[in-house]
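Dear colleague,

I am passing on the structure we spoke about, and I would be glad if you could look at it alongside the notes on aromatic contacts underneath.

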Amino acid sequence: LRTALRRCPDAVFLPSDPPAYEAASERVMAVLREFPVRVEVWGWDEAFLGATTDDPETLATALRDAVRTRTRLECSIGIGDNKHQAKLASGLAKPAGTYRLTSDNWADVMNDRPTDALWGIGAKTARKLAALGLHTVAQ
C-alpha cells in the first residue's frame with residue numbers, strides 16, 4: 001500500500017471487510033460442494049476441485065453458472081492434469097472464463113513464458129534463475 005500511495009498520491013483507499021469476504025467465500029464453497037467433486041479450499045478466493053469426468057469444460061461451465069446464479073459472483077476455472085497446471089490455467093482463464101492447461105498443450109502455452117510464470121517462482125527466484133541463464137519455462 002505504501003508503494004501504491006507513493007505512485008498514486010491521489011488514490012482513494014477503501015477499508016477491507018474480512019467478515020464480508022469470509023461470508024462470500026463460504027457461500028461460494030458451499031455451491032462447489034454441491035457438485036460431485038472433492039473441494040480443497042486454499043483461501044477466501046481459491047479452491048482446488050478434484051473430479052473424474054470425460055468433459056471437464058462442461059463441468060466448469062456448470063460450476064461457474066451455479067456460482068454466478070447463487071452468489072452473484074464470477075469465478076475463473078483452470079483445468080489441468082495436476083494442481084500446478086490447474087492453478088496456472090485459472091490465471092489464463094481470467095476474467096470469468098475457463099482454460100485447460102494439460103500435458104497436451106503445456107509446451108505450446110508455457111515454454112516461451114518467463115520463469116516467473118510458474119506457480120511459486122517469484123521475482124527473487126526468477127532473478128536467481130536468470131543469473132544461471134534460465135529465462136524461460138522451457139529452459
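What follows is a description of the aromatic pairs and their surroundings.

Please keep in mind that this is a predicted model. Four aromatic pairs are present in the structure. In one of them, the ring centres of Tyr 21 and Trp 44 are 5.3 Å apart with the planes at 65°, and because planes over 60 degrees apart count as edge-to-face, that is how this pair is classed. Since Tyr 21 belongs to helix H2 (residues 18-33), while Trp 44 sits in the loop between strand S1 (38-43) and strand S2 (46-50), the pair ties together parts that are 23 residues apart in sequence. As for solvent exposure, Tyr 21 counts as partly exposed at 39% relative accessibility, and Trp 44 is likewise partly exposed, with a value of 42%.

A further pair is made by Trp 42 and Phe 48, whose ring centres are 4.9 Å apart and whose planes stand at 75°, so this pair is edge-to-face as well. Here Trp 42 is partly exposed, its relative accessible area being 41%, whereas Phe 48, at 9%, is buried, because the cut-off for that class is a relative accessible area under 20%.

Around this second pair there are two other points that you may wish to inspect. Trp 42 and Phe 48 join Trp 119 in one aromatic cluster. In addition, Lys 83 lies over the face of Phe 48, at 5.6 Å from the ring centre.

With best regards

Conventions: Residues are numbered from 1 along each chain as its sequence is written. This is a predicted model: local features need pLDDT of at least 70, side-chain atom pairs count only at pLDDT 80 or more; totals for chains, interfaces and linings use all residues. Side-chain values use heavy atoms; hydrogens and water are left out. Rings of Phe, Tyr and Trp (its six-membered ring) pair if their centres lie within 6.5 Å; planes under 30 degrees apart count as stacked, over 60 as edge-to-face and the rest as tilted. Helices (H or I, at least four residues) and strands (E, at least two) are DSSP runs, numbered from the N terminus. Buried means under 20% relative accessible area, exposed over 50%, partly exposed in between (1.4 Å probe, protein chains only). A charge sits over a ring if NZ of Lys or CZ of Arg is within 6 Å of the ring centre and within 35 degrees of the ring normal.
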